[in-house]
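I opened the notebook today to follow a set of paired strands and to look up how well they are covered. The entries below keep to that topic.

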Amino acid sequence: MAVVGQNPKGGRIGRRSAPYGRRGKRPRPSAGGRPEKADKPFAAPPPNDIRLVKKGLREGFKAARRAMVPDEQQKKDRRILERVCQLPEYRQAALVLTYVSTAIEVDTRALIERALAEGKQVAVPRCTPGKIDMKFYLIRGLSELSPGAFGVLEPNPEKSRELKNFKQSLCILPGLGFDLAGYRLGYGKGYYDRFLARYSGKRVGVCYNSCVRALLPHGRYDKSADVLVTEKFVKRFQAG
């Protein structure tokens with residue numbers, strides 16, 4: 001404990017003169033040989049580490065989706081489908097590019113069947129093995145798909161024709177979350193980011209309203225959606 005009194009050379013000894021800090025413990029030497037402050041707490045992850053921020057957001061969005069009651073999720077899916085099909089961009093499109101939904105994603109299987117029934121062409125992605133790249137293939141029905149990369153249903157390149165001409169197309173964007181500027185947070189693999197960098201057609205993001213945030217982290221070269229559709233609203237952007 002620090003003592004206030006006279007030292008041998010005269011003058012007063014204050015609290016800061018205690019030999020090893022407030023608790024009287026000798027500081028531990030650091031790896032570089034210099035002593036650290038006693039009882040120093042572990043440093044928290046830097047708040048500007050974008051990877052940790054995105055990881056936390058992804059985990060939160062996934063948890064929110066898994067927590068949805070199936071009946072409520074299906075109602076939301078139907079509302080989103082109707083809003084998408086009412087878009088001028090959808091009505092004018094001769095070709096619809098869309099992901100094939102998994103259990104926690106906004107359903108696109110009904111959209112695929114509806115677009116085909118309306119006489120539109122439909123193409124879905126297939127991840128290129130060994131590369132962060134994907135190609136779209138034209139399909140005539142869901143029966144042509146089988147589990148591929150990450151367990152997602154994909155077309156068989158031996159049975160489906162690769163899409164080369166993207167003219168008059170609309171791309172439905174997946175995303176665990178979207179923000180009110182149209183930017184998306186995906187799974188972090190980069191497949192859609194690479195595709196969108198060279199895609200010039202209309203981009204429509206679909207997302208549950210509970211997974212929309214005012215702002216999400218995004219990179220300088222990320223492409224935003226032209227339109228965001230949730231079960232509660234449709235929002236248009238001047239896409240970047």
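I began with strand β9 (residues 169-173), which runs parallel to β12 and is joined to it by 4 bridges; I took two strands as paired if DSSP finds at least two bridges between them. Helices (H or I, at least four residues) and strands (E, at least two) are DSSP runs, numbered from the N terminus. This is a predicted model, in which local features need pLDDT of at least 70 and side-chain atom pairs count only at pLDDT 80 or more, while totals for chains, interfaces and linings use all residues. Residues are numbered from 1 along each chain as its sequence is written, and side-chain values use heavy atoms, with hydrogens and water left out.

I then looked up the partners in register: Cys171 stands opposite Arg203 in β12, and Ile172 stands opposite Val204 in β12.

On its pairing with strand β3 (residues 95-98), I noted that β9 is again parallel, over 4 bridges, and that Thr98 has Ile172 in β9 as its bridge partner.

I next checked how β9 is covered: 5 of the 5 residues are buried (under 20% relative accessible area, with exposed over 50% and partly exposed in between, for a 1.4 Å probe and protein chains only), so β9 is largely enclosed by the rest of the structure. Ser169, Cys171 and Leu173 point one way from β9, whereas Leu170 and Ile172 point the other way, and all are buried.

I closed with β12 (residues 202-206), which is mostly covered, with 4 of its 5 residues buried. β12 also pairs in the parallel sense with strand β14 (residues 227-229) over 3 bridges, where Val204 has Val227 of β14 as its bridge partner.
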